[in-house]
Amino acid sequence: MGKGSGFGKVILFNEHFVVHGIPSIASAIDLTTDAVVHPWKGEGFTVIDQRAGTAGYSLAKREHQMEAIRRMMAAMGVDTMRHPMEITVGGNLPTFSGIGASAANCVAITRAVSEELGLGLSDERVNEVAYEGEKAYAGNPSGIDNTAATFGGLIRFVRRPSGNVIERLGIGKPVEVVMGNTGVVANTKAVVEGVAQRKQKYPEKYGKVFEEAAELAGQGREALEAQDWKRVGALMDRNHELLQAIDVSGPELDFLVKLAREKGALGAKLTGGGVGGCMVALTPGRKLQGAVASAIENEGFQVLRTKIGVLTG
Ligand code: PMV
């Protein structure tokens, strides 16, 4: 039997922009997807998906998941006709869109296969293999999700053809956030492609927005490291406007972002692929976190009360 885990994540600044080389900041959250691999009597591999979360997520993403596993097996040089496997996926990370569920799934499975077959993959190699799997879900993924899912912690990530730049950031004490789930399962791949197409079609408008996003990442980093939560919140608010400008928000996301701010969140924005999926609100302190989370729940949406900067190792 082989076992492995991958962290969920929240993107604090610059999802989508990150695909095009703009710096971004993400944090792992304290929830994981866990995979267990057993030898199997059938042919190839089979997947038992026990993850809880958005209704219909696992079914909607089934093809992506199977394709991801085929890609990852190829990247690891594993022939599942010679080593048939039963892969069980579970853990406490819910399958909300925008929470890094696909990347956590890829990292967990890679680690479990590595353990089962004694491949001894390093974290760096796990990250590379999981990136191959992510392509099945996201088409042209930046790599930020699998990086956060593999290494954990708070990271600044820049996509570079010559090798991604990954830096760990420190914020002292972990800080409370609320993630609200719109319940809408988004097709990340289609949303990412849509941004690329519009960027080509409207170079002037998109150029300006992308420039501001790059500046904002620098300011966000400074504010996080200074633990200036008011400023971090304001920058998150602005980041949401930039994401609206490139057309990746949606009515449910905008509603939850507004609600969180009204309830006192220092800032709120969509997080991850957008259109549906999740938003994140910055809510330092258990009291504020509770107030924002309850308000979202009272509107009938699922929430996660979690923290950024929890995992440092
Ligand atoms: O929705 P998620 O959790 O898969 O996050 C996608 C993040 C994007 O920036 C939209 C895509 C990427 O590859 O970085």
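**Exercise 1.** Determine which polar contacts Lys-9, Ser-142 and Gly-273 make with the ligand in this predicted model.

*Solution.* Step 1: begin with Lys-9, where a polar side-chain atom lies 2.7 Å from an oxygen atom of the ligand. Step 2: apply the cut-off, under which N or O atoms within 3.5 Å form a polar contact. Step 3: turn to Ser-142, which places a polar side-chain atom 2.5 Å from a ligand oxygen. Step 4: examine Gly-273, whose contribution comes from the backbone, with a polar atom 2.7 Å from an oxygen atom of the ligand.

**Exercise 2.** Describe how the protein encloses the ligand.

*Solution.* Step 1: taken alone, the ligand exposes 380 Å², of which the protein buries 94%. Step 2: the ligand takes up the space of the largest cavity. Step 3: β1 (2-13) and α5 (144-151) are the elements that give two or more residues to the shell around the ligand. Step 4: the ligand is surrounded by 16 residues, and the closest are Lys-9, His-16, Pro-141, Ser-142 and Gly-273.

**Exercise 3.** Establish which strands stand at the edges of the four-stranded sheet, and why one side of each has no neighbour there.

*Solution.* Step 1: the sheet is open, and its strands follow the order β8-β9-β7-β10 with antiparallel pairing. Step 2: β8 (267-271) and β10 (302-308) each have a single partner strand, so these two stand at the edges and one side of each lacks a neighbour in the sheet. Step 3: on average, neighbouring strands of this sheet are turned by 25° against each other, direction ignored. Step 4: for the pairing of β8 with β9 (residues 278-282), count five bridges in the antiparallel sense. Step 5: locate Thr-271, which stands opposite Cys-278 in β9.

Key. Residues numbered from 1 in each chain as written. Predicted model: local features only at pLDDT ≥ 70, side-chain atom pairs only at ≥ 80, totals over all residues. Heavy atoms only, no water. Pairing = 2+ DSSP bridges. Axes fitted to C-alpha atoms, helices over the stretch in contact; angles between N-to-C directions. Near = heavy atom within 4 Å. Polar contact = N/O pair within 3.5 Å; in protein donor to acceptor, adjacent residues only side chain to side chain. Areas by Shrake-Rupley, 256 points an atom, 1.4 Å probe, with all protein chains shown as cover. 1 Å grid on protein atoms, 1.4 Å probe; cavity = no way out; pocket = protein on both sides within 12 Å on 5 of 7 lines; lining within 4 Å. Sits in = over half its atoms within 2 Å of the grid points.
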